Amino acid sequence: MVSVREKQRRYRRLQVIVATLALAVVLLAGFYLGQRAAYSGMGLDPATYQALGEEVPVLRADVARLEGELDVQEARHEMDQQALELVRQEIAAQKEHIATLEEGLRFYKSLMAPGEIAQGLSLRSPELVALEREGQYAYRMVVQQETLKHSLLKGYLRVEVEGQLDGEPVTIPLAELSPDVDSDRINLRFRYFQSIEGQLTLPEGFVPSQLRLAATATSPRKAEVTELFLWQVQARFTRVGK
C-alpha cells in the first residue's frame with residue numbers, strides 16, 4: 001500500500017516533467033516564430049532563403065571559373081602583344097637589311113658604270129664606326145679603279161690621322177694606331193677594288209679632325225692619288241664585302 005507521502009513525491013516529479021516539456025515546446029515555438037519573423041522582415045520565406053543559400057556556392061564557383069578564364073585571356077593577350085612586337089622588330093630588321101643591300105648594290109654599280117667615278121685609281125670616303133670602348137673605332141677604306149679593261153693593279157696605300165693633341169697639330173700614321181696594320185705601306189692588289197678594314201685606338205687626349213689617304217699604283221701603270229677626308233663616325237658599315 002502506497003503511502004500518502006509517496007504519492008505526493010510522484011505527483012511533484014510528474015509536474016517537473018510536464019513543466020520541462022512545456023518549456024521545450026515554448027522555446028521551439030519561439031525559435032520558429034522568430035525565424036519566420038526574420039524571413040518576413042526580409043521579404044523572404046524559408047524556402048526562398050534555403051534556395052539562395054544553395055545558390056551562393058554555385059555562384060562563387062562561377063566567379064572563380066570566370067576569373068580563371070580572365071587570367072588565361074590576359075596571358076594570351078600579353079603573348080599576342082609580344083608576338084606582335086617580335087614581328088615588328090623582324091620587319092624593321094628586314095628593312096634595314098634591304099637598305100644595306102641596296103647601298104652595297106649602288107656601290108657595285110658605281111664600280112661597273114663608266115663615268116660615275118674618276119678614271120683610273122680612286123679613293124672612296126673612309127668609314128668609321130665607334131666601338132664600345134671610348135677612343136676605339138672600326139675602320140674601312142676602299143681603293144678602286146675604273147677602266148675599260150680591269151687589269152690586276154698593284155701598289156700601296158698610306159693612311160694618316162690628323163688632329164690635335166694638347167692644342168698642338170699632330171699627324172699619326174695608321175700603323176701606330178691599329179694592330180691590323182704592320183707597316184706605313186698597306187699593300188694593294190686588286191682588279192676592281194680592295195677594302196682595308198681593322199680597328200684603331202686613339203691616344204688619350206687626341207682629337208681627330210681628318211684622314212689623309214694616299215694611294216700609289218706601281219703596275220700595270222704608275223698612278224697616284226691623295227685625298228683628305230673629314231673624321232666622320234657613322235652607325236654601321238656599308239655592305240660591300242672585301
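1. Glu197 and Arg140 form a salt bridge in which the closest N and O atoms are 3.0 Å apart, and the reader should keep in mind from the outset that this is a predicted model. Glu197 lies in strand β7 (residues 193–201) and Arg140 in strand β3, so the pair ties together parts of the chain that are 57 residues apart in sequence. The two partners can also be described by their accessibility: Glu197 is partly exposed, with a relative accessible area of 28%, whereas Arg140 is buried, with a value of 7%.

2. Arg140 has a further partner, since the side chains of Glu127 and Arg140 also meet in a salt bridge, at 3.5 Å from N to O. Glu127 belongs to strand β2 (residues 127–130) and Arg140 to strand β3 (residues 136–146), so this pair ties together parts that are 13 residues apart in sequence. Glu127 is buried because its relative accessible area is 8%, and buried means under 20%. Taken together, Glu127, Arg140 and Glu197 are linked in a network of salt bridges.

3. How many salt bridges does a search of the whole structure find? The search finds three, and one of them joins the side chains of Glu162 and Arg212, at 2.9 Å from N to O. This pair links distant parts of the chain, with Glu162 in strand β4 and Arg212 in strand β8 (residues 206–219), 50 residues apart. Glu162 is buried, with a relative accessible area of 12%, while Arg212 is partly exposed, with a relative accessible area of 30%.

4. The nonpolar interior deserves a point of its own. The largest nonpolar core has 29 residues, and among these Val143 and Leu157 touch the most other members. Strands β1 (120–123), β3, β4, β6 (186–190), β7, β8 and β9 (223–230) each supply at least two residues of this core, and β8 gives the most to it, with five residues.

5. Leu157 is a useful residue to select in the viewer. Which residues is Leu157 in contact with, once its neighbours within four places in sequence are left aside? They are Leu123, Val143, Asp184, Arg185, Ile186, Leu188, Ile196, Leu213, Ala214 and Ala215. Val143 therefore appears in this list of contacts, and Val143 is also named with Leu157 as touching the most other members of the largest nonpolar core.

6. Leu157 also leads to the topic of empty space inside the model. A search of the whole structure finds one cavity of 30 Å³ or more, and about 40 Å³ of space lies in the largest cavity. The lining is made up of Leu157, Arg158, Val159, Pro173, Leu174, Ala175, Val181, Ser183, Asp184 and Ile186. By class, seven of the lining residues are nonpolar, one is polar and two are charged. Strand β4 (residues 153–165) provides the largest share of the lining, three residues.

7. Two exposed residues can be set beside these interior features. Leu230 lies in strand β9 and counts as exposed, at 58% relative accessibility. Leaving aside its neighbours within four places in sequence, Leu230 is in contact with Ser209 and Gln210, and its C-alpha atom is separated by 9.0 Å from that of Pro208, which is 22 residues away along the chain. Glu176, in turn, has its place in the loop between β5 (168–173) and β6 and is exposed, with a relative accessible area of 60%. Glu176 and Pro203 are 27 residues apart in sequence, and their C-alpha atoms are 9.9 Å apart in space.

8. Finally, two details of the backbone should be checked. Most residues other than glycine have a negative phi, and most peptide bonds are trans. Asp166, although it is not a glycine, has a positive phi of about 55°; Asp166 is found in the loop between β4 and β5 and is exposed, with a relative accessible area of 72%. Is the peptide bond from Ser219 to Pro220 cis or trans? This bond is cis, with omega near 5°, and Pro220 is found in the loop between β8 and β9.

How values were computed:
Residues are numbered from 1 along each chain as its sequence is written. This is a predicted model: local features need pLDDT of at least 70, side-chain atom pairs count only at pLDDT 80 or more; totals for chains, interfaces and linings use all residues. Side-chain values use heavy atoms; hydrogens and water are left out. On a 1 Å grid over the protein atoms alone, a cavity is a set of points where a 1.4 Å probe fits but cannot get out, and a pocket is an open set with protein on both sides within 12 Å along at least five of seven lines; lining residues have an atom within 4 Å of a point. Grid points are joined across faces, edges and corners, and a volume is the space filled by probe spheres set on the points. Helices (H or I, at least four residues) and strands (E, at least two) are DSSP runs, numbered from the N terminus. Ala, Val, Leu, Ile, Met, Phe, Trp, Tyr, Cys and Pro count as nonpolar, Asp, Glu, Lys and Arg as charged, and the others, Gly among them, as polar. A salt bridge is a side-chain nitrogen of Lys or Arg within 4 Å of a carboxyl oxygen of Asp or Glu. Buried means under 20% relative accessible area, exposed over 50%, partly exposed in between (1.4 Å probe, protein chains only). A nonpolar core is a set of buried Ala, Val, Leu, Ile, Met, Phe, Trp, Tyr and Cys residues joined through side-chain atoms within 4.5 Å. Contact means heavy atoms within 4.5 Å.
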